[in-house]
Amino acid sequence: MKQTLVFCPLRLGTSQDLESTLLFIRNHRFGVIMAERVLVIGSGGREHALAWKLAQSPHVQQVLVAPGNAGTANSGKISNSAVSVSNHSILAQYCKDHNVGLVVVGPEVPLAAGIVDDLTAAGVTCFGPSAKAAQLEASKSFSKSFMDRHNIPTARWSSFTDPQDACKYIQDAEFPALVVKASGLAAGKGVVVARDKDEACKAVLDIMKDKAFGSAGETVVVEEQLEGEEVSCLCFSDGITVSPMPPAQDHKRLLDGDQGPNTGGMGAYCPTPQVPEEVLQEIKRSVLQKTVDGMREEGTPYVGVLYAGVMLTKQGPKVLEFNCRFGDPECQVLMPLLKSDLYEVLKKTLQADLSSSPVQWLEDSAAVTVVMASGGYPASYKKGLEITGLSQASEMGIQVFHAGTALKEGGGVITSGGRVLTVTAVRPTLEGALSSANEGVAVISFPDAVYRRDIGHHAITYLTRTRGLTYKDSGVDIAAGNRLVDMIKPLAKATSRPGCNAELGGFAGLFDLKAAGFTDPILVSGTDGVGTKLKIAQACGIHSTLGQDLVAMCVNDVLAQGAEPLFFLDYFSCGRLDVRVASSVIGGIADACQMAGCALLGGETAEMPGVYGPSDYDLAGFCVGAVERGAVLPRLKDIMEGDLLIGIASSGLHSNGFSLVRKILERRGLQYSSPAPFGQPGQNIGEVLLTPTKIYSRRLQPILRSGAVKAYAHITGGGLLENIPRILPPELAVDLDASRWRIPAVFSWLQKEGGLSEEEMSRTFNCGLGAVLVVSKQDVQRVLRLLQGQEEAWIVGSLTDKQPGAEAVVIRNLEQSLKDSPGRSPDTSVLKNGALHGEHSARKRTKVAVLISGTGTNLQALMEQVKKQSSSAEIVVVISNRPGVMGLKRASMAGIQTRVVDHKLYGSRAEFDGTIDKVLEEFGVELVCLAGFMRILTGPFVRKWSGKMLNIHPSLLPSFKGVNAQKQALQAGVRVTGCTVHFVAEEVDAGAIVVQEAVPILVTDTEESLSERIREAEHRAFPAALELVASGGLKLRDDGRIVWNQSIQG
């Protein structure tokens, strides 16, 4: 093939231009993508380390450093640039003229001045946080306020612009307020840790009056002095994901033994063996990730390097301060340990792609850097002193990063700053790295050099210590257990209920039955676990749902005696306590207790190395409930042939049969991460199997109290065959028809893939029924109607006389129903005993009025309910205090009469209420529902309609009364809220509660998203409450308490 070579005239200046041009020609000649030119901003040891690491990347053609130092002048790919870094317009043009593809900012001052914002706006890619994000370092006051807003652990503090106020705070504080900081940037030196209050006040005056740190000290922050080990925790952040670097430790004091004045840093080492991995994970979660999430939530995504100075206190890690860039000298030990290509890491950070591939670090290696400083530093010092021995150090395998250095005319290197060199060694052990770094320092010389010989002494003492054994050495970490207790105390507190305040920390818990409203109670207890569902949760790393399983298994059992669950205790045992996992599990338990209406009264955490594997744990739960003596279930004497069985839908497998499930998956060669051949689209097998067990207590208690239910069976281990007979007289048998309920697809799949018989299926699994109720024929429709307001429920069978030798439970049509699932609709035809799923008899309906002020979404739910033939209610009129609202249109379209009583046309509330009352009398109204009615009714009106007026409120009363209930719940940090339907009383949101439904609060919830999910719950709860009251299932006594009708007629 013939080639044509074209020569172009080139204007060449320096030899550097020639080298770049030849590289350009060579790369294009062979079709190679041109490597980029990178500009590093700064002149210290940090910037030399960054340039050194970037130069190792094959993607980087040249590294320019502005202004740089002697170490970055003409060193391979690295050279200095004289461009101005303070004039961002000139700098942007320089980058364009010199084809700079990436700018990396080292020090904090340019970041705070907005260099990233300005270069990015000019089209130049720049690594580092924006000026707004850099406030985390630039303003100590902003930083501390931010930490308070986002519950990031830090020292107690306050900020001041008046020195007298600051001194008063120091003198009056209940804690040692001895740390005084200039709020602005002070080159890492604006912090004074005082020995006593007088010295702290002097520091305030020095900073604010004598301007020791210039304008940086116009505002001071006074902090509590924390005690513990200090560690530097840095991470890359792309605004969403954080990628932590190995922990390092800086040495601020000038002299050995942490003596002498504070400096910018006299050395560092990495990693820190004395800091446990679980503490680092806690710092990642509660500090680094929380900070990045908080900045994003506040509209200021943090992209760059985030540096948290952390004190490891007895109470856990607490943030001392944030820096918005690589630390100096931490950067000089981190870069030699970085295995990944730094250029690629920075690019992925800027592209919000950190999660795609983890940043790699050298393993089994340690790095130590020793700072060599000028005599007199950190005060005044001489410059221009000649430095010798640099080449000898390099020959020893020592990397010397330059800081305060300059090239001497005629050759050589001289001092030009306070911190002159950082002498760095990387070796397999920390002791070896320190020894090598000190040997490097010994061959380098300049007059009056100052340096430390004990960098890393904390870690080396830890590594070489001789001490007696501790409980932790045996594998039991008491401190981790204490941290867990501190984390779960507020979760338990949120489960408080009448009779119990759920305070953890005592030897035992108390419950006041009288305060809970019982008069002649019998206590009921139940205990259970979650079986080998644990193994699936541990394999999937999904721990939070197990809490609901555990609570449900116990609560649903005590419900079988008709009992209201009062309090719950948990037992968490493990091989090694992982606080993150344990808190997730117990947090789920607390959430589930709120759903069930019981208090989390206490628990036990047992760390048992040797009994369990390091990552294994087990769970057990214990629930105590109470039932009035005359309401105990089952009522064996009342149960008879012909009674009907109502089945209530399960959410899936619940917590039984998982050993068999795991065996089937193993035989089929499927992983938990495999797409699920059952469940919702997009779910994997693990997610479907971990669907939590339903908690029935809040939904069933009102129905059980009504007296219409003769018995309740929790379908747990033993399935349908073994659980229903537990609640029946021995002379009766169960006739079930599987075509009458919906069987979830997971059961069909298990039966098919496992080749399971009908008996195996019905003895192992619930097959779609989480609970079964025994009800008389005359009560069945009323109970079914009340259930269907909140749950899927069906008439699934009946009771028959048991013949000698016959099975206690017969299930017809199971095999065919499993084959037909999930597309099959339940059969509602006539049962053999004459009962029909949809049958109803003519009955007088309760006349209902609905009062609205707006769109009427709850009105729509109520109208849908009363359309049902089985409903006990009829909406006869809808009244609005505002004309033209959507709710009126909804009512008119449904053929319901409407009236407008405009409150603006009445001179008093009494006159307005009187008009409403006349309309109610006109329509013969017997029950009033307030559905978004935004007027406060007068006392006489409320008293007249007492026991005949319902309201719905968007919280689990008595919590968060009044307006903005959703906002109150979010601000309080509770994990569960919901809605409450209650009788209207004169005190706002204080009437007797009829129905409640819990709604979990997600970590991603906003006020809007939470409100939407609560509205969905309201649309179930309000119709259910309407039916309860309209049917006569309950009524309000004169003393304001609810009484349940013990003889509901169908």
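## Strand E30 and its neighbours

Two strands pair if DSSP finds at least two bridges between them. With that in mind, let us start inside this predicted model at strand E30, residues 732–737. E30 has two partners to look at. Strand E32 (residues 793–801) is joined to E30 by 5 bridges, and the two run antiparallel. Strand E33 (residues 809–812) is joined to E30 by 4 bridges, and here the strands run parallel. Asp 735 shows both pairings nicely: Ser 798 stands opposite this residue in E32, while its bridge partner in E33 is Val 810.

How many of the residues of E30 are buried? The count is 6 of the 6, so the strand is largely enclosed by the rest of the structure. In a regular strand the side chains alternate between the two faces of the sheet. In E30, Leu 732, Val 734 and Leu 736 point one way, whereas Ala 733, Asp 735 and Asp 737 point the other way. Both sets are buried, the two aspartates included.

## The chain as a whole

Stepping back, the chain has 1050 residues, of which 54% count as buried. Its secondary structure comes to 33 helices and 42 strands, and the C-alpha trace spans about 110 × 80 × 75 Å along its principal axes. Among contacts with a separation of 6 or more, 73% come from residues 24 or more positions apart.

## Two nonpolar cores

In soluble globular proteins, nonpolar side chains tend to be buried together. Here the largest nonpolar core has 89 residues, and those with the most contacts inside it are Phe 568, Tyr 617, Leu 689 and Trp 741. Helix H19 (residues 579–596) gives the most to this core, with 11 residues. A second, separate core of 68 residues includes Ile 703, Leu 862, Leu 927 and Cys 979.

Leu 689 is a good residue to click on in the largest core. Leaving aside residues up to four places away in sequence, Leu 689 touches Lys 533, Ile 536, Leu 653, Phe 658, Val 661, Leu 665, Tyr 672, Phe 678 and Val 746.

## Helix H8, seen end on

Helix H8 covers residues 163–172, and its buried residues are Pro 163, Ala 166, Cys 167 and Ile 170. Seen down the helix axis, these fall within an arc of 95 degrees, so they line one face of H8. Their cover includes strand E6 (157–160), strand E7 (179–182), helix H9 (197–208) and strand E9 (220–223).

What caps the N-terminal end of H8? That is Asp 162, with a side-chain oxygen 2.7 Å from the backbone nitrogen of Gln 164.

## A buried threonine in a loop

Thr 263 lies in the loop between strand E14 (259–262) and strand E15 (267–270), and is buried, with a relative accessible area of 0%. Polar atoms of its side chain meet the backbone at two places. The backbone oxygen of Lys 252 lies 2.6 Å from a polar atom of the Thr 263 side chain, and the backbone nitrogen of Gly 265 lies 2.9 Å from one.

## Cysteines

A disulfide is a covalent bond between the sulfur atoms of two cysteines. The count in this model comes to 0 disulfides. For Cys 324, the nearest cysteine sulfur is that of Cys 126, 12 Å away. Cys 324 counts as buried, at 2% relative accessibility. Cys 929 is in no disulfide either, and the nearest cysteine sulfur, that of Cys 979, is 14 Å away. Cys 929 is buried too, with a relative accessible area of 0%.

Conventions
Residues are numbered from 1 along each chain as its sequence is written. This is a predicted model: local features need pLDDT of at least 70, side-chain atom pairs count only at pLDDT 80 or more; totals for chains, interfaces and linings use all residues. Side-chain values use heavy atoms; hydrogens and water are left out. Buried means under 20% relative accessible area, exposed over 50%, partly exposed in between (1.4 Å probe, protein chains only). The arc is that of the directions from the helix axis to the C-beta atoms. Contact means heavy atoms within 4.5 Å. A polar contact is a pair of N or O atoms within 3.5 Å; within protein, one must be able to donate a hydrogen and the other to accept it, and residues adjacent in sequence count only if both atoms are side-chain atoms. A nonpolar core is a set of buried Ala, Val, Leu, Ile, Met, Phe, Trp, Tyr and Cys residues joined through side-chain atoms within 4.5 Å. A disulfide is a pair of cysteine sulfur atoms within 2.5 Å.
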